[in-house]
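Here are a few exercises to work through with the structure open beside you. Try each task before you read its solution.

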Amino acid sequence: MDITPATTATPPPQPGGAYPAPAEQAKAATRPGDRIFLALSRGSGILLLVIMAAIAVFLTIRATNALSHNEGDFFTTFEWRANATPPVFGIAVLAFGTVVSSLIAMVIAVPVAIGIALFISHYAPRRLASPLSYVIDLLAAVPSIVYGLWGALFLVPHLGGLYSWLNDYFGWTGVLEYHDGAARSLFTIGILLAIMILPIVTSVSREVFLQAPKMHEEAALALGATRWEVVRMSVLPFGRSGIISASMLGLGRALGETMAVATVLSPSFEIGTSLLDPGGGTFAQNIASSFKESGEIGKDALIASGLVLFVLTLLVNGAARLIIARRKEYV
């Protein structure tokens, strides 16, 4: 009986005695399903780039029309009279309000989200971690208008005590000086946005922490490390890029949040010295509040502000990618 082991069939030589190159062999061995999947994947990526380019072109064309009629400086004017004759508008207040409220939200939300994610992934017992994770994920699905109504009807009336405390101890800075009035300020918006982005940052960070190599953690414990030392030396370094990605997702929502901000904020085109003073505005809030009553030039002006927000979002995501690229050893 022949017991010669089976060998892999070799493609016949080409004319002249030469065998096909490895790349040609791989191409010949590719199945039709693989080719279809490759085409669909490549087409999806190209389609995404086309859509992004189409959005950028549309915003640029409409923004150019508005800027050609603007009698003010688009970047430094502290007023928005896009429907006037002649139109005068600028984004100074909107840019300040958008960036400041988002930064306040990030300062509050990211440390809390990382703490919750670490608690769920490495400290909480399983019977507590599972329902807590479910609740966190559920909060991410709450509509923005619900957060806005909660903020207007509950958060704003109950922030007077906090504002008075901040004024008593930090009012000397001028930034946290509080004059009596409704707490419809950028600081309130920052707190509300922090609550809204907390589930997103927590969920992504939790999943990243759960992927930390168990061998590294067990090795650290075997060497006598405490639970915190294991987290500090093994989990956090591994999850650093994930934390950055989660933070950028949260920042993206904070920058573009509309209904919640429009419901709570008392808009005005003034930049106060104190973050606790009512007033200010954001790009998304101004677009939502002004679009219905705007004329042709007014709508183009709002689209121009949307273009700035679009570019700002791209810059934020680009910066995040650069930060992550410098830490490839943890990706």
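**Exercise 1.** Does Arg62 count as buried, partly exposed or exposed, and at what relative accessibility?

*Solution.* Keep in mind that this is a predicted model. Start with the cut-offs: buried means under 20% relative accessible area and exposed means over 50%, with partly exposed in between. Arg62 comes out at 28% relative accessibility, so it counts as partly exposed.

Now look at what the side chain of Arg62 is doing: it meets the side chain of Asp300 in a salt bridge, at 2.5 Å from N to O. Arg62 sits in helix H2 and Asp300 in helix H12 (residues 296-325), so the pair ties together parts that are 238 residues apart in sequence. Asp300 has a relative accessible area of 1%, so Asp300 is buried.

**Exercise 2.** Find the salt-bridge partners of Arg81 and Arg253, then sort the residues by burial.

*Solution.* Take Arg81 to begin with. Its partner is Glu79, and the closest N and O atoms are 2.8 Å apart. Arg81 has a relative accessible area of 41%, which makes it partly exposed. Glu79 is partly exposed too, at 30% relative accessibility.

Next comes Arg253, which pairs with Glu257, with 3.7 Å between the closest N and O atoms. Arg253 is buried, since its relative accessible area of 19% falls under the 20% cut-off. Glu257 is buried as well, with a relative accessible area of 6%. Elsewhere, Asp137, Arg206 and Glu207 are joined into one network by salt bridges that share partners. The count of salt bridges comes to five.

**Exercise 3.** Which residues line the largest pocket, and which helix gives the most to the lining?

*Solution.* The pocket has a volume of about 200 Å³. Its lining is made up of Ile120, Ser121, His122, Ala124, Pro125, Arg126, Ala129, Ser130, Ser133, Arg206, Glu207 and Leu210. Match those numbers to the elements: helix H3 (92-123), helix H4 (126-139) and helix H7 (186-210) are the ones that give two or more residues. H4 gives the most, with four. Notice that Arg206 and Glu207 turn up in this lining and also in the salt-bridge network with Asp137.

**Exercise 4.** Which residues form the nonpolar surface patch that includes Leu47, and where does Leu47 lie?

*Solution.* List the members: Ile46, Leu47, Leu48, Val50, Ile51, Met52, Ile55 and Leu314, with about 700 Å² of accessible area together. Helix H2 (residues 32-69) gives the most to the patch, with seven residues. Leu47 has its place in helix H2, and its relative accessible area of 51% makes it exposed.

**Exercise 5.** Is Ser234 buried or exposed, and what is it in contact with beyond its neighbours within four places in sequence?

*Solution.* Locate Ser234 in helix H9 (residues 227-256). Its relative accessible area is 13%, so Ser234 is buried. Leaving aside neighbours within four places in sequence, the contacts of Ser234 are His216, Glu217, Ala220 and Glu229.

**Exercise 6.** How many helices and strands does the protein chain have, and what share of its residues counts as buried?

*Solution.* Count the elements: there are 12 helices and two strands. Reading from the N terminus, the order is α-α-β-β-α-α-α-α-α-α-α-α-α-α. Of the chain's 331 residues, 38% count as buried. To finish, turn to the surface: the accessible area of the chain is about 19,000 Å², and 67% of that belongs to carbon and sulfur atoms.

Methods. Residues are numbered from 1 along each chain as its sequence is written. This is a predicted model: local features need pLDDT of at least 70, side-chain atom pairs count only at pLDDT 80 or more; totals for chains, interfaces and linings use all residues. Side-chain values use heavy atoms; hydrogens and water are left out. Patches are made of residues with over 30% relative accessible area and no salt bridge: like charges are joined within 9 Å, nonpolar side chains (Val, Leu, Ile, Met, Phe, Trp, Tyr) within 5 Å. Accessible areas come from the Shrake-Rupley method with a 1.4 Å probe; for residues, only the protein chains shown count as cover. A salt bridge is a side-chain nitrogen of Lys or Arg within 4 Å of a carboxyl oxygen of Asp or Glu. Buried means under 20% relative accessible area, exposed over 50%, partly exposed in between (1.4 Å probe, protein chains only). Contact means heavy atoms within 4.5 Å. On a 1 Å grid over the protein atoms alone, a cavity is a set of points where a 1.4 Å probe fits but cannot get out, and a pocket is an open set with protein on both sides within 12 Å along at least five of seven lines; lining residues have an atom within 4 Å of a point. Grid points are joined across faces, edges and corners, and a volume is the space filled by probe spheres set on the points.
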